[in-house]
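Work through the exercises below with the sequence and the coordinates open. Each task is followed by a solution in steps.

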Amino acid sequence: AATLAGFAHVWFALVPADAGFVGMAALGLGLAALAPGRAARHLPWLATLAAILGWVFWREAGGVGEAATGWLVAALAGAWALPVGLHASRRHREALETEPAAGWATAFQVAVAMLVTLAALGQWFGGSVVYPAACAAAAWAVFALRRWPGIGVALEFSWVLWGAAAWGVVSVYSIGDYGRGWLVVAALAVWAPAWALAREAGPKLESVSGPWWRRRSAGVQTWIATGLALLACLRGFDGEERLWAWMGAMAAAAVTLRVGRVLAARAAAVALGVGAWANAAWLVAAGGAEGFGPGLAAVLAVAVALVALPPGLAGEGSTAKGRAGLRWAFGLAGLELVFVAAVAQRGALDPYATVGWGLAAIGLFMTGLFARIRPYRLIGLLGLALCLPRVFLVDLSSALHRIAAFVVLGLVLLWVGFSYHRFRHLVAGEGDEDRAHGK
């Protein structure tokens, strides 16, 4: 090791920093190739030391920021070739399995390769809107190494690259339409490793040994995806466009739960739903949902999405109490958004706020009736009950619209009574998929 350190010092004194690092990486590969098994088990450690020394001297010589593209590509290839080459060879893999401390050598090798990767991505895409997507692609490549050739520590290092992608989202100063596309690519790509982890060893990864974050790696990946989606929504979109982005993130989490069978995605979808509700309420308070327009349409779409979310999250891993709680919370949140948006209207839509309340309440009531979701029915009836005091306290002050309000409200109440009589078998049968599944 001392001889190798002295050689690295002399080597970097004779050649430029770029060529010096590539030479040390090549030396590390050569040392690794000479190791036939346990008889030369120290050679992989010397190969790791060569890579580390190459990075240290390269960094001290300022080569990270000045490296030409060709040398940087060569350094990147050489740094990753060392851990990949050792694990791809069966004889080296057997030697690594018999060496108790071999995992540390692999971790150091991957760490050096990761440092070179971050340096390369920073030089090529730093400050650009492409940087998050580039980090996402690199994270996918590193993540794939955990299965082939079997570098387990690559999982944790892929999370480092996802963190770099999140930092790229935060650090980009200006994001246009072109940049939003790259943000969407990165925010969608981060969900796929959670699918792969859940499919590999089950939703909870019980068969995976190691620390808790590796046993729950699908959940960790899910929360990384949630954080990246949150940053992409906040940094890349404004106004009503942000609401559509939030709904897209909610849909991605729900699909990850239903199709990918990642149980942690249920909590992620709930968190994203809360964020969508908060942003919609802020848009209404800021006056962005007044009158017919994209703002009002986005708020109403969020309300519908909140109501539709709890049934979409039911299934494996959920409890009856948890399902009921979500239905109450999101049903109330969706109806509240419609009510607040109706009250905030000015101009031509102002006199029809009570009508809007009634239509939203009857829509939620009918949804609960036909979908056999009791909380939605009760929330719908509560919404209709709130229409009564508004009619007497607000609408009666307007002679032009009192008749319309009373007529509409009367028809709605008649329809509720008829619905309960006509579809009483649905109420009596109270499906609730909980009973259908015996829960």
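The exercises below concern a predicted model and go from the whole chain to single helices and side-chain pairs.

**Exercise 1. The chain as a whole**

Task: State how many helices and strands the chain has, and describe its burial, contacts and surface.

Solution:
- Step 1. The secondary structure consists of 22 helices and zero strands.
- Step 2. Of the 439 residues in the chain, 49% are buried.
- Step 3. Take the contacts with a separation of 6 or more: 74% of them are between residues 24 or more positions apart.
- Step 4. The accessible surface is about 20300 Å², and carbon and sulfur atoms contribute 69% of it.

**Exercise 2. Salt bridges**

Task: Find the salt bridges in the whole structure, and give the burial class of the residues in each pair.

Solution:
- Step 1. The search of the whole structure returns three salt bridges.
- Step 2. In one of them, Glu-156 pairs with Arg-214, with 2.7 Å between the closest N and O atoms. Glu-156 sits in helix H9 (residues 154–171) and Arg-214 in helix H12 (residues 212–215), so that distant parts of the chain, 58 residues apart, are linked.
- Step 3. Apply the cut-off for buried, under 20% relative accessible area. Glu-156 has 16% and is therefore buried, while Arg-214, at 21%, is partly exposed.
- Step 4. Another pair is Glu-241 with Arg-180, whose closest N and O atoms are 2.9 Å apart. Because Glu-241 belongs to helix H14 (residues 239–258) and Arg-180 to helix H10 (residues 177–189), this pair ties together parts that are 61 residues apart in sequence. Glu-241 has 37% relative accessibility and so counts as partly exposed.
- Step 5. Arg-242 forms a salt bridge with Asp-238, at 3.2 Å between the closest N and O atoms. Arg-242 is buried, at 16% relative accessible area, whereas Asp-238, at 52%, is exposed.

**Exercise 3. Helix H16**

Task: Compare the expected span of helix H16 with the distance between its end C-alpha atoms, then locate its bend and its buried residues.

Solution:
- Step 1. Helix H16 covers residues 294–313, which is 20 residues. The expected span is 1.5 Å times one less than the number of residues.
- Step 2. This gives 28 Å, and the end C-alpha atoms are 28 Å apart, so the two values agree.
- Step 3. H16 bends by about 25 degrees at Val-307, and Pro-310 follows within four residues.
- Step 4. The buried residues of H16 include Gly-295, Ala-298, Val-299, Val-302, Leu-306, Val-307, Leu-309, Pro-310 and Leu-313. In an α-helix there are 3.6 residues a turn, so residues three or four places apart point the same way.
- Step 5. After H16 comes Gly-315, which has a positive phi, near 140 degrees.

**Exercise 4. A nonpolar surface patch**

Task: Which residues make the nonpolar surface patch, and which element gives the largest share?

Solution:
- Step 1. The patch is made by Trp-328, Leu-332, Leu-378, Leu-382 and Leu-386, and its area is about 400 Å².
- Step 2. Two elements give two or more residues to the patch: helix H17 (320–343) and helix H19 (374–393).
- Step 3. H19 provides the largest share, three residues.
- Step 4. Trp-328 lies in helix H17. Its relative accessibility is 34%, so Trp-328 counts as partly exposed. This value is compatible with patch membership, because patch residues need over 30% relative accessible area.

Note on methods: Residues numbered from 1 in each chain as written. Predicted model: local features only at pLDDT ≥ 70, side-chain atom pairs only at ≥ 80, totals over all residues. Heavy atoms only, no water. Patch = residues over 30% accessible without salt bridge, like charges linked within 9 Å, V, L, I, M, F, W, Y side chains within 5 Å. Areas by Shrake-Rupley, 256 points an atom, 1.4 Å probe, with all protein chains shown as cover. Salt bridge = Lys/Arg side-chain N within 4 Å of Asp/Glu carboxyl O. Buried < 20%, exposed > 50% of the residue type's maximum accessible area, 1.4 Å probe, protein only. Contact = heavy atoms within 4.5 Å. Bend = angle between axes of the 7 residues up to and from the residue.
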